[in-house]
Amino acid sequence: MTKTGTNGFHGNALWNWNGTRLNANDFFNNRNGVRRPRYRYSTLGGSIGGPIYIPGKWNQDRTKLFAFYNIEQWQISIPGPLNLYTVPNALERAGDFSQTLDVNNRLIPVNDPANNGLQFPGNIIPKARQNPNGLALMNTLPQPNFLNRAISGGNYNYQIQEIQRNPKRSQLFKVDYVPSEKDRFFVRGKTWKAEQQGYAVAAGATPVGFFGQCYCFTESGLAIGGTHIFTPTVIMEYNAGVRHNHEAWYPYGSANEIDKVLRSKIGYTLGQWFPQSNAGGFIPRFSFGGVPNAANVSYDNRLLTGGTDFTFNANTNLTITRCTHNIKTGWSVIRMREYEGEQSVFSGTFDFGKNVLNPLDTNYAYSNAALGVFNSYTESNGRYGSNMRQTIAEWFLQDSWKVTKKFNLDYGMRWTWAPQIYPRYDGQQSVFMRNLYDSKQAPPLFTS
């Protein structure tokens, strides 16, 4: 239901504000020397409605055409939690682990898999043995900014508290036309915009502080409809409309934010099995198991793509009142088009974690990366986006019969045609084909 204009002009305006001064800092921020984060919540909006007329010319009695408009806009800055990570320091990025300590302040020995697992002299990987691609991936991470081990206990050396901006805007208009006592038409439109700007956005990259993105969502809709009175006992309502929404991710932050995830910009030269799936040239994802609060790099399978969908609808209802019967019938048709952005592990994923079962393991994840040692690598052979279609049709007939003053009987029937959603193009959908299933060919889970 949407508010409508009247034969008089009415409007309102509003502003609501809440800010940092009303909040207190928390215990962990105070302990780690992090200042009270910025917080803003501002809402600005208003509405106006009234008749549309031409003085002395048309609609002078203000009974035929009305309009209404409403807008609300939010400016929001919300602090996230204090995130703590262990990132490689400057020495480790050069293959020097002579000062790398565990949580008990003991040196972590870095072993040489090419020398029967003996520790590297001085705990330093010789420059000639260092892997430039592994070092390039490590260098995408921020430098340590918290070195007080008395507080961290060696569990982290980097801290970040993000202040995320979430602007939003809502608009709505409606125009009503009343040509006669028996007819009323309307046109209604609305728009919605919501953004998350920063690191910890919806489906954003990790760790926090690695790659800034804007998750931008928009929705718009347009509807037309009306009511026609055939007789005082026969009334018809009808409407049709379209709704469209769109979501996408964009780099956000510095002018060169995109460079953080491009292979060519970080000096990563290792090839791929299926380079055609990574036309953008994005870096692989990678993890460092065994490191406390490791700065594992990951991002959504739809990195910098998006999705969109359309919904078209039309329906009509007819109400007939006869004596003690209130009969209603109608139909509805909905057409849906949904597209989800191309996704997969298209750029690959490395596991550099410590693994005693790996004969090439160096005993520490960051030294594994520096030497080019990994436990596993996975990569998808394609990047696909579903593009689906579906149409649903319904009709109904019902009656509310007041049999007596104390007994009312409601009965009716509804019919729905809802076929299976199908892909716009071949190869965009994976489904279970029951007609092809043969239980005799099902592989056993266990054999003896």
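Which residue in strand 16 stands opposite E338? Before getting to that, a word on what is being looked at. This is a predicted model, in which local features need pLDDT of at least 70, side-chain atom pairs count only at pLDDT 80 or more, and totals for chains, interfaces and linings use all residues. Residues are numbered from 1 along each chain as its sequence is written, and side-chain values rest on heavy atoms, with hydrogens and water left out.

Back to the question: E338 faces M388 in strand 16. Helices (H or I, at least four residues) and strands (E, at least two) are taken here as DSSP runs, numbered from the N terminus. Strand 13 and strand 16 (residues 387-404) pair in the antiparallel sense over 15 bridges, where pairing requires that DSSP finds at least two bridges between the strands. Strand 13 (residues 325-340) also runs antiparallel to strand 12, this time with 16 bridges. One spot along that pairing puts T316 opposite W331 in strand 13. Strands 12 and 13 make up a hairpin with two residues between them, and C323 in the turn shows a positive phi of about 50°.

Strand 12 (residues 306-322) is also home to D309. D309 counts as buried because its relative accessibility is 17%; the cut-offs are under 20% relative accessible area for buried and over 50% for exposed, with partly exposed in between (1.4 Å probe, protein chains only). The side chains of D309 and R243 are joined by a polar contact of 3.4 Å. Such a contact is a pair of N or O atoms within 3.5 Å; within protein, one must be able to donate a hydrogen and the other to accept it, and residues adjacent in sequence count only if both atoms are side-chain atoms. Leaving out residues up to four places away in sequence, D309 touches R243, H244, N245, R337 and E338, with contact meaning heavy atoms within 4.5 Å.

N245 turns up again around F217, a residue of strand 9 (residues 213-231). With the same sequence neighbours set aside, F217 touches W192, K193, A194, N245, H246 and E247.

Then there is the largest nonpolar core, a set of buried Ala, Val, Leu, Ile, Met, Phe, Trp, Tyr and Cys residues joined through side-chain atoms within 4.5 Å. Of its 43 residues, L137, F286, F288 and Y366 touch the most other members. Helix 2 (132-138), strand 6 (158-165) and helix 5 (365-371) each supply at least two residues, and helix 5 gives the most, with five. Beyond four places in sequence, the contacts of Y366 include F97, M138, F288 and V291.
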